[in-house]
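Subject: Structure for you to look at

Hello,

Here is the structure I said I would pass on. Please open it first, and then read the notes below with it on your screen.

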Amino acid sequence: MAKNLVNDIRSFEFVHLLHLMLKILAITNDLKIALQRKDQNIVNDMKLVGFAESQLQSMRESKWESLIADASSFCAKHDIFNVVIDLQLSELNSRFDAMNNDLLLGMASLSPDNSFANYDKERIMNLAKLYPHEYSISKLEDLSYELDNYILYVREDRDFSSLKGLGDLSEILVETELHKTWGLVYFLMKLSLILPVATATIERAFSSMKYIRNDLQSRIGDEFINDCLVCYIEDEIFESLPNDAIIDRFQNTTSRRAQL
C-alpha cells in the first residue's frame with residue numbers, strides 16, 4: 001500500500017492536481033479570509049466575490065493554457081478542470097444566492113465611502129424587505145420618503161463628506177441626533193452593522209468545530225463543546241487571563257478532592 005501511494009504521489013496527475021488546487025485556493029483565499037473577519041467591509045467583500053467568480057470562470061474557459069501547456073491532452077481526457085472549478089463555482093453560488101446578494105448589496109449601498117458613491121435606493125429597499133417583521137408595508141413607504149430626504153442632506157453636509165464605513169456614519173448620526181429624524185434608515189444601518197459580526201462568529205465557530213470535535217472526541221456533549229468553542233474562538237481574551245484566576249474559578253465551582 002505504501003509503494004502504491006508513493007507511485008501515486010509521483011505521478012503527473014497528482015502533481016498537476018496539486019498545482020490546480022493551489023491556483024484555485026489562491027483565487028478564493030482572500031474572499032474566505034474577508035468573510036471570516038468580524039470587521040467586514042461589505043463593499044470590498046462584494047467586489048471580492050465578483051472578482052473570484054470572474055477569475056474562476058475565466059480559468060474554466062481558458063483551460064489554464066499557461067499552466068498545462070504540456071498536459072492539455074491529459075486534462076481534456078480526464079476533465080480535471082471542469083470538475084474542480086464547477087465545485088468552486090457551485091460553492092460560491094450556494095453561498096451567494098439571490099437573497100444573499102440583495103442583503104450584501106443593500107448593505108453596501110448604505111456605505112458613505114466616496115460621498116455615498118455606492119448609494120442605490122432600490123437595493124436598500126430590497127434590503128429592508130428582507131426584514132418583514134421590522135418593516136411593514138406602511139413602514140416601507142415611509143422608508144422610501146426618508147431615503148430621498150436623507151441622501152440629499154448627507155451629500156450636501158460637509159460633516160458626512162469624509163466618512164469611512166457604516167460605523168462612522170452611525171456615530172455622526174447619533175452625535176447630531178439625526179438618527180431620530182431618519183429612524184427607519186438608522187435602524188437599517190444597525191441591522192447592517194450587527195449582521196457581519198454575527199455571520200463571522202458563526203463561520204469561525206463552524207471552522208473551529210473540526211478542531212474541537214475530532215475522532216478522539218466524537219461523543220463530546222453539546223454543553224462541553226460550547227464551552228470549548230468559546231475558549232478556542234476568543235483565545236485572545238483568555239490569553240490575557242492569569243492561570244491562577246482560572247484555577248481558582250474552577251476550584252470554587254464545586255468541591256474538589258484535592259487542590260489544583
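**What was found**

Y186 has a relative accessible area of 16%, so it counts as buried, the cut-off being under 20%. Bear in mind throughout that this is a predicted model. Y186 sits in helix α11. Leaving out residues up to four places away in sequence, Y186 touches S170, L173, V174 and H179. Y186 can also be paired with L169: the two are 17 residues apart in sequence, and their C-alpha atoms are 9.4 Å apart in space.

**The chain as a whole**

How many helices and strands are there in the chain? There are 14 helices and zero strands. Read along the sequence, the pattern is therefore α-α-α-α-α-α-α-α-α-α-α-α-α-α, with the elements as DSSP runs numbered from the N terminus. The chain has 260 residues, and buried residues make up 32% of them. Take the contacts in the chain with a separation of 6 or more: residues 24 or more positions apart account for 63% of these.

**How the helices pack**

Two packed helices are described by the angle between their axes and the distance between the axes. Three pairs are described here in that way.

Start with helix α6, residues 98–109, and helix α8, residues 121–129. They pack at an angle of about 125°, and their axes are 8 Å apart. α6 and α8 are therefore oblique to each other. The crossing in which α6 passes α8 is left-handed. On the α6 side the contact is made by D102, L103, L105, G106, M107 and S109, and on the α8 side by R123, I124 and L127. By class, these residues divide into five nonpolar, two polar and two charged.

α6 itself has 12 residues. From its first C-alpha to its last, α6 reaches 16 Å, close to the 16 Å expected at 1.5 Å a residue. Which residues of α6 are buried? They are L103, L104, G106, M107, A108 and S109.

α6 also packs with helix α3, residues 42–62. Here the angle is about 135° and the axes are 8 Å apart. That makes α3 oblique to α6. α3 passes α6 in a left-handed crossing. The residues that meet are I42, V43 and M46 in α3 and N101, L104, L105, M107 and A108 in α6. The contact of α3 with α6 divides into seven nonpolar residues, one polar and no charged.

The third pair is α8 with helix α9, residues 137–156. These two pack at an angle of about 150°, with axes 11 Å apart. Why are α8 and α9 called roughly antiparallel? An angle over 145 degrees counts as roughly antiparallel, and theirs is about 150°, so the word applies to α8 and α9. Their crossing is right-handed. α8 brings K121, I124, M125, A128 and K129 to the contact, and α9 brings L140, L143, S144, L147 and D148. In the contact of α8 with α9 there are six nonpolar, one polar and three charged residues.

α9 has 20 residues and spans 30 Å from its first C-alpha to its last, close to the 28 Å expected at 1.5 Å a residue. The buried residues in α9 are L140, L143, S144, E146, L147, Y150, I151 and V154. When you look at that list, it helps to know that an α-helix has 3.6 residues a turn, so residues three or four places apart point the same way.

**Two single residues**

L31 belongs to helix α2, residues 12–35. Is L31 buried or exposed? L31 counts as buried, because its relative accessibility is 4%. L31 and D45 are 14 residues apart in sequence, and 6.9 Å apart in space from C-alpha to C-alpha.

E177 is in the loop between α10 (165–175) and α11 (183–212). The phi of E177 is near 60°, a positive value in a residue other than glycine. E177 counts as partly exposed, because its relative accessibility is 48%.

Regards

How values were computed. Residues are numbered from 1 along each chain as its sequence is written. This is a predicted model: local features need pLDDT of at least 70, side-chain atom pairs count only at pLDDT 80 or more; totals for chains, interfaces and linings use all residues. Side-chain values use heavy atoms; hydrogens and water are left out. Axes are lines fitted to C-alpha atoms, for helices over the stretch in contact, and angles run from 0 to 180 degrees between N-to-C directions. Helices (H or I, at least four residues) and strands (E, at least two) are DSSP runs, numbered from the N terminus. Angles under 35 degrees count as roughly parallel, over 145 as roughly antiparallel, 65 to 115 as roughly perpendicular and the rest as oblique. A crossing is left-handed if the near helix is turned anticlockwise from the far one by less than a right angle, and right-handed if clockwise. Contact means heavy atoms within 4.5 Å. Ala, Val, Leu, Ile, Met, Phe, Trp, Tyr, Cys and Pro count as nonpolar, Asp, Glu, Lys and Arg as charged, and the others, Gly among them, as polar. The expected span of a helix is 1.5 Å times one less than its number of residues. Buried means under 20% relative accessible area, exposed over 50%, partly exposed in between (1.4 Å probe, protein chains only).
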